[in-house]
Amino acid sequence: MKEFSGKRALITGGATGIGKALAIALAREGMDIVIASTNKGRLDAAAEAIRASVEGVTVQTVVCDVADRKAVFAMAKEVGPIDLLCANAGVTTTGTYLEHRDEDYDWIFGVVLYGVTNCIQAFYPAMVERGSGHILLTGSQTAFSPDWFLGHGPYVAAKAAVHALAFQLRPEAAQHGVGVSLVMPAYTG
């Protein structure tokens, strides 16, 4: 994506961390911003921070659990067309594989991997139909060096799947005028 001004971006996990930083950076480039998260209070605080950073920016907030496919499709209907999808929401747990419970895997895979696939299923078809748009997936350096950051096994596995998804989607999307990028941050805590 080369032109940002006058376009709309949706950032999942947009209330904190990388998502909030992306929202501010994209707002500074002239984009209207939609941020999604599961916490209304954090969303409202992030929206105020974005508005304080960029005068006149339009910021919409949406409470949405990206692990819930129906909620993601409802969000897509609510926000309408977007030009840039930043599938960024992420969660993790710590501990050995012996300590991780079924609920940990369900939560991490639900947000980190299925959150991405749900967003792609909800927003990609409209981009293909328009012949334009861009999808930015937040991966992790841990997916390339799985033993670099021990104690986050389910998270690392889910991020590795996100990387594979990005590499598979990119050539297909390009045939339809849609870009796909993968950002691979290191530890941001």
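This is a short dialogue about reading a few features of a predicted model.

Visitor: Let's begin with aromatic pairs. How many does a search of the whole structure find?

Guide: The search finds 1 aromatic pair. To read such a pair, look at the ring centres and at the angle between the ring planes, where over 60 degrees counts as edge-to-face. Here the rings belong to Tyr105 and Phe109; their centres are 6.1 Å apart and their planes stand at 65°, so the pair is edge-to-face.

Visitor: Where do Tyr105 and Phe109 lie?

Guide: Both are in helix 4, which covers residues 102–130. They are 4 residues apart, about one turn of the helix.

Visitor: And how is the accessibility of these two residues to be read?

Guide: Under 20% relative accessible area a residue is buried, over 50% it is exposed, and in between it is partly exposed. Tyr105, with 28%, is partly exposed, and Phe109, at 24%, also counts as partly exposed.

Visitor: Let's try another residue. Is Thr12 buried or exposed?

Guide: Thr12 counts as buried, because its relative accessibility is 2%. You will find Thr12 in strand 1, residues 8–12.

Visitor: What does Thr12 touch, leaving out residues up to four places away in sequence?

Guide: Its contacts are Ala36, Val66, Cys86, Ala87, Asn88, Ala89 and Cys119. For Asn88 there is a further detail: its backbone nitrogen lies 2.8 Å from a polar atom of the Thr12 side chain. A pair of N or O atoms has to be within 3.5 Å to count as a polar contact.

Visitor: Now for the surface. Which residues make the nonpolar surface patch?

Guide: Phe144, Phe167 and Met184 make a patch of about 320 Å². Residues enter a patch with over 30% relative accessible area. Met184 has 32% and is therefore partly exposed. In the chain, Met184 belongs to the segment after strand 6 (179–183).

Visitor: Which residues does Gln141 touch, again leaving out those up to four places away in sequence?

Guide: Gln141 touches Met184, together with Pro185 and Ala186. So the patch member we just met, Met184, appears again as a contact of Gln141.

Visitor: Where is Gln141 placed, and is it buried or partly exposed?

Guide: Gln141 sits in the loop between strand 5 (134–138) and helix 5 (153–174). Its relative accessible area is 37%, so Gln141 is partly exposed.

Visitor: What C-alpha separation is there between Gln141 and Tyr114?

Guide: Their C-alpha atoms are separated by 19 Å, and the two residues are 27 residues apart along the chain.

Methods:
Residues numbered from 1 in each chain as written. Predicted model: local features only at pLDDT ≥ 70, side-chain atom pairs only at ≥ 80, totals over all residues. Heavy atoms only, no water. Patch = residues over 30% accessible without salt bridge, like charges linked within 9 Å, V, L, I, M, F, W, Y side chains within 5 Å. Areas by Shrake-Rupley, 256 points an atom, 1.4 Å probe, with all protein chains shown as cover. Salt bridge = Lys/Arg side-chain N within 4 Å of Asp/Glu carboxyl O. Helix = DSSP H or I, 4+ residues; strand = E, 2+ residues; numbered from the N terminus. Buried < 20%, exposed > 50% of the residue type's maximum accessible area, 1.4 Å probe, protein only. Phe/Tyr/Trp six-rings, centres within 6.5 Å; stacked < 30°, edge-to-face > 60°. Contact = heavy atoms within 4.5 Å. Polar contact = N/O pair within 3.5 Å; in protein donor to acceptor, adjacent residues only side chain to side chain.
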